Amino acid sequence: MRAAVPGKPGQVEIINFPEPTLSKGDILIAPRACGICATDVKFVKAGAEEPKYALGHEVAGVVIKTTPEATWKVGQQVVVAPYLPCGACYYCQHGQPALCKDLYKVSLQPGGIAEEVLVPKRLAEEGTFIVPQSIDMELASLAEPMGCAIKGIEDSLVKKGDTILVIGDGPMGLLSMAAGRAFGASKIIAAGMTPHRLDVAEKYYADVVINVENEDLNKRVLESTGSIGADVVIVAVSSLDAFNTGAACVRAGGVVNMFAGVPDGSIVNLDLRKLHYKQYYLTGSSGTAPSHMQKALDLMSSRKVDLAPIISARFTFEQTFAAVEYVRERIGLKSVVYFA
């Protein structure tokens with residue numbers, strides 16, 4: 001059974017893994033589509049001397065084998081969460097499953113970009129979801145990243161009628177715009193510096209588009225909000241400057257969410273006096289929970305979001321390296337590896 005893995009630093013290899021052996025309650029799926037994300041780019045950049053996992057975790061596929069104890073049937077189209085919270089720890093019991101310390105204890109084997117993927121029993125029962133016939137399997141592979149965007153919107157306490165500023169014009173920024181609109185935002189302001197991505201934002205997801213290369217972000221946000229500022233600022237780009245700029249654009253009492261991942265030790269200078277008197281909230285958001293993936297599928301099947309513009313390139317399994325490079329070089333938006 002072949003799978004695409006990180007090889008030497010900066011390379012992707014397709015190697016053979018042992019054929020999966022199913023235990024009670026496990027299922028086996030054949031991927032039909034798997035998205036490439038920044039995490040895959042990081043894994044490939046770092047490389048692996050003895051690869052033990054496959055790339056990809058945004059997977060949609062078809063059940064091809066089950067055990068008598070499994071609740072799934074051969075032929076069903078599904079998406080699978082990449083990991084599963086334990087459900088019993090302090091964080092799970094306090095409604096914060098993405099903070100679970102055992103989050104990766106149950107996961108896909110060997111990963112999403114493989115000819116066959118083993119879904120362990122508990123993940124099959126609690127983190128696997130049927131794909132409605134109305135959703136194309138390539139779009140279904142967006143359930144996981146869209147789930148992350150939905151979690152970010154929930155973590156930001158978005159309310160109906162809010163104005164949301166999303167800083168970052170990449171796939172996660174655009175998904176955050178789509179999620180914000182679906183959750184009732186009345187105005188979406190998109191900020192970025194990549195013209196072709198901002199064009200997509202303007203056409204499909206945002207009411208106001210700001211190219212920060214040649215426009216003053218704070219000035220434009222104030223103009224667009226009656227000098228109040230954005231109710232919610234989502235920083236969907238790994239940049240300390242973007243965070244600082246975003247914090248300056250939030251209204252008094254609003255929310256700033258550091259949504260994008262940043263390197264360990266990234267420190268910003270925070271004006272505590274402004275934090276004190278503006279009384280805005282700072283939060284972060286990472287990962288997702290199975291419930292968010294179900295919400296993503298519900299939004300797609302009900303046509304409350306149109307995510308088709310997010311996928312801008314498709315590559316075969318054998319072209320996985322090209323799919324990773326496409327994301328690394330920021331050529332378009334989202335690349336998807338598809339399986340015939």
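Q: How many salt bridges does the count come to?
A: The count comes to 15 salt bridges. Keep in mind that this is a predicted model.

Q: What makes Arg2 and Glu318 a salt bridge?
A: The rule asks for a side-chain nitrogen of Lys or Arg within 4 Å of a carboxyl oxygen of Asp or Glu. For Arg2 and Glu318 the closest N and O atoms are 3.2 Å apart, so the pair meets the cut-off. Arg2 lies in strand E1 and Glu318 in the loop between strand E14 and helix H12, so the salt bridge ties together parts that are 316 residues apart in sequence.

Q: Why is Arg2 called partly exposed?
A: Buried means under 20% relative accessible area and exposed means over 50%, with partly exposed in between. Arg2 has 29% relative accessibility, so it counts as partly exposed.

Q: How do you know that Glu154 and Lys295 form a salt bridge?
A: Happily, the numbers settle this one too: the closest N and O atoms of Glu154 and Lys295 are 2.5 Å apart, and the limit is 4 Å. This pair links distant parts of the chain, with Glu154 in helix H5 and Lys295 in helix H11, 141 residues apart. Glu154 has a relative accessible area of 28%, so it is partly exposed. Lys295 is also partly exposed, because its relative accessible area is 34%.

Q: Why do Glu329 and Arg328 count as partly exposed?
A: The class runs between 20% and 50%. Glu329, at 43% relative accessibility, falls in it, and so does Arg328 at 45%. These two residues form a salt bridge, their closest N and O atoms being 3.3 Å apart. Elsewhere, salt bridges that share partners join Arg2, Glu115 and Glu318 into one network.

Q: Why is Ile153 called buried?
A: The cut-off for buried is under 20%, and Ile153 in helix H5 has 1% relative accessibility, so it counts as buried. Not counting residues up to four places away in sequence, Ile153 touches Val158, Ile164, Ser176, Ala179, Gly180, Phe183 and Ile234. Ile153 and Ser285 are 132 residues apart in sequence, yet 8.9 Å apart in space, C-alpha to C-alpha.

Q: What makes Ser156 a buried residue?
A: Again the value is 1% relative accessibility, so Ser156 counts as buried. Ser156 sits in the loop between H5 and E8. Leaving aside residues up to four places away in sequence, its contacts are Val232, Ile234, Val255 and Asn257.

Q: How do you know that the buried residues of helix H9 are on the same side?
A: The buried residues of H9 are Ala242, Phe243, Gly246, Ala247 and Cys249. They cover an arc of only 155° around the axis, which puts them on the same side of H9. A general point helps here: an α-helix has 3.6 residues a turn, so residues three or four places apart point the same way. What covers the buried residues of H9 includes strands E8, E11, E12 and E13 and helices H8 and H10.

Q: What makes Ser239 a cap for H9?
A: A side-chain oxygen of Ser239 lies 3.3 Å from the backbone nitrogen of Asp241, and a polar contact needs a pair of N or O atoms within 3.5 Å. Ser239 caps the N-terminal end of H9.

Q: Why can Leu282 belong to a surface patch?
A: Residues in a patch need over 30% relative accessible area. Leu282, found in strand E13, has 39% relative accessibility and so counts as partly exposed. Together with Leu270 and Leu272, Leu282 makes a nonpolar surface patch of about 250 Å².

Conventions
Residues numbered from 1 in each chain as written. Predicted model: local features only at pLDDT ≥ 70, side-chain atom pairs only at ≥ 80, totals over all residues. Heavy atoms only, no water. Patch = residues over 30% accessible without salt bridge, like charges linked within 9 Å, V, L, I, M, F, W, Y side chains within 5 Å. Areas by Shrake-Rupley, 256 points an atom, 1.4 Å probe, with all protein chains shown as cover. Helix = DSSP H or I, 4+ residues; strand = E, 2+ residues; numbered from the N terminus. Buried < 20%, exposed > 50% of the residue type's maximum accessible area, 1.4 Å probe, protein only. Arc of directions from axis to C-beta. Contact = heavy atoms within 4.5 Å. Polar contact = N/O pair within 3.5 Å; in protein donor to acceptor, adjacent residues only side chain to side chain.
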